[in-house]
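Let's take a walk through this protein, starting at one residue and working outward. Keep the picture open as you read, and try to find each spot for yourself.

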Amino acid sequence: MLAIQTAPMSPLARLHQWDALILNRVFQGVRSRQRLTQLMAGVSRTGDGPLYAVTAMAVWLAEIPGAEAFCLTLLLAFTIERPVYFLLKNSCKRNRPEKVVPGVIAVVVPADQFSFPSGHTSAAFCFATIAGILFVGSLNPIFMWAAAIGLSRIVLAVHFPCDILAGAMIGSAIALLSGQVLGTF
C-alpha cells in the first residue's frame with residue numbers, strides 16, 4: 001500500500017486558511033442581507049478618520065474635565081499609530097480577501113491595496129482605549145463601537161479576522177503607551 005505524504009502546513013498557511021474560512025462564512029452569511037451590509041458600510045465610515053478630530057475638538061471646546069489630557073494623548077497616539085499601521089501594511093503586503101478567496105467580492109472599495117493590519121480597527125481601538133481610560137471607565141461602550149468597526153470590515157470583505165485582531169491590539173497598545181509616556185494614564 002502506497003502512503004501519500006503531504007508536506008506539513010506552515011503556521012502562517014494554517015492561519016490564512018482559518019482566516020479565509022471564517023471570512024467566507026461571514027461574507028456568505030450576510031451577502032444576501034442588503035440592510036445589514038448597508039448598516040456595516042455606515043459603521044465602517046464612522047472609522048474613516050474625521051470623527052476622531054471632530055470629537056477631540058468638541059471635547060476641547062466644551063472644556064470637559066480631562067480634555068487637555070485626552071487631546072494630547074490622542075494626538076501622540078495617532079502620530080505613532082498611523083505610521084506604524086502604514087509601515088506594517090506596506091511591509092507585510094497581505095492581499096485583500098477578494099484577491100485570494102474565490103467568490104468573495106469586497107462590498108466597498110478599500111482606501112489602500114493591502115489587508116494586514118486593519119487601519120480602521122487600529123484607529124478605532126486607539127481612540128476607544130484613550131476615551132475609555134480618561135472618560136468612560138471599565139464599562140466602555142466605545143469599545144463596542146470599535147469592535148463593530150472591526151466586524152464591519154470583515155462583513156464588507158475588505159479584511160480577514162486576523163487583520164482585525166492585529167489592528168485592535170496595535171491601536172490599544174499604542175494608546176496605552178502614549179498615555180504612559182505623557183503621564184495621562
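Asp-19 sits in helix α1. This is a predicted model, so treat every value here as computed from it. Is Asp-19 buried or exposed? Asp-19 has a relative accessible area of 0%, and because buried means under 20%, Asp-19 counts as buried.

So who keeps Asp-19 company? Skipping its neighbours within four places in sequence, Asp-19 is in contact with Arg-94, Phe-160, Pro-161 and Cys-162. With Arg-94 there is also a polar contact, side chain to side chain, of 2.9 Å.

Now hop over to that partner. Arg-94 is found in the loop between α4 and α5. Arg-94 is counted as buried because its relative accessibility is 17%, and the cut-off for buried is under 20%. Besides the link to Asp-19, the side chain of Arg-94 makes a polar contact of 2.9 Å with the side chain of Asp-163. Leaving out neighbours within four places in sequence, the contacts of Arg-94 include His-16, Phe-114, Ser-115, Phe-116 and Phe-160.

One of those contacts, Phe-116, leads to a backbone detail. The peptide bond running from Phe-116 to Pro-117 is cis, and its omega is near -5°. You'll find Pro-117 in the loop between α5 and α6.

While we're on the backbone, look at two residues that have a positive phi without being glycine. One is Glu-63, and another is Lys-93.

| Residue | Phi | Place |
|---|---|---|
| Glu-63 | about 55° | loop between α3 and α4 |
| Lys-93 | near 50° | loop between α4 and α5 |

Glu-63 is also out in the open: with 68% relative accessibility, Glu-63 counts as exposed.

Next, head for the inside. Which residues of the largest nonpolar core touch the most other members? This core has 28 residues, and the ones with the most such touches are Tyr-52, Phe-70, Leu-74, Phe-78, Cys-126, Phe-127 and Ile-130. Two or more residues come from each of α2 (34–45), α3 (50–61), α4 (67–92), α6 (119–136), α7 (141–155) and α8. The top contributor is α6, which gives eight residues.

Zoom in on Phe-127 for a moment. Leaving aside neighbours within four places in sequence, Phe-127 is in contact with Tyr-52, Thr-55, Phe-70, Leu-74, Phe-78, Ile-142 and Trp-145. Apart from the core described above, there is another one of eight residues, including Ala-20, Val-101, Val-104 and Phe-160. You have met Phe-160 already, as a contact of Asp-19 and of Arg-94.

Finally, come back out to the surface. What makes up the nonpolar surface patch of about 550 Å²? Its members are Leu-12, Leu-15, Trp-18, Leu-165 and Met-169. The elements supplying two or more residues to this patch are α1 (11–30) and α8 (161–182). Of these, α1 gives the most, with three residues. Met-169 belongs to helix α8, and because its relative accessibility is 59%, Met-169 counts as exposed.

That brings us back to helix α1, where Asp-19 is placed. The helix gives three residues to the nonpolar patch, while Asp-19 itself is buried at 0% relative accessible area.

Notes
Residues are numbered from 1 along each chain as its sequence is written. This is a predicted model: local features need pLDDT of at least 70, side-chain atom pairs count only at pLDDT 80 or more; totals for chains, interfaces and linings use all residues. Side-chain values use heavy atoms; hydrogens and water are left out. Patches are made of residues with over 30% relative accessible area and no salt bridge: like charges are joined within 9 Å, nonpolar side chains (Val, Leu, Ile, Met, Phe, Trp, Tyr) within 5 Å. Accessible areas come from the Shrake-Rupley method with a 1.4 Å probe; for residues, only the protein chains shown count as cover. A salt bridge is a side-chain nitrogen of Lys or Arg within 4 Å of a carboxyl oxygen of Asp or Glu. Helices (H or I, at least four residues) and strands (E, at least two) are DSSP runs, numbered from the N terminus. Buried means under 20% relative accessible area, exposed over 50%, partly exposed in between (1.4 Å probe, protein chains only). A nonpolar core is a set of buried Ala, Val, Leu, Ile, Met, Phe, Trp, Tyr and Cys residues joined through side-chain atoms within 4.5 Å. Contact means heavy atoms within 4.5 Å. A polar contact is a pair of N or O atoms within 3.5 Å; within protein, one must be able to donate a hydrogen and the other to accept it, and residues adjacent in sequence count only if both atoms are side-chain atoms.
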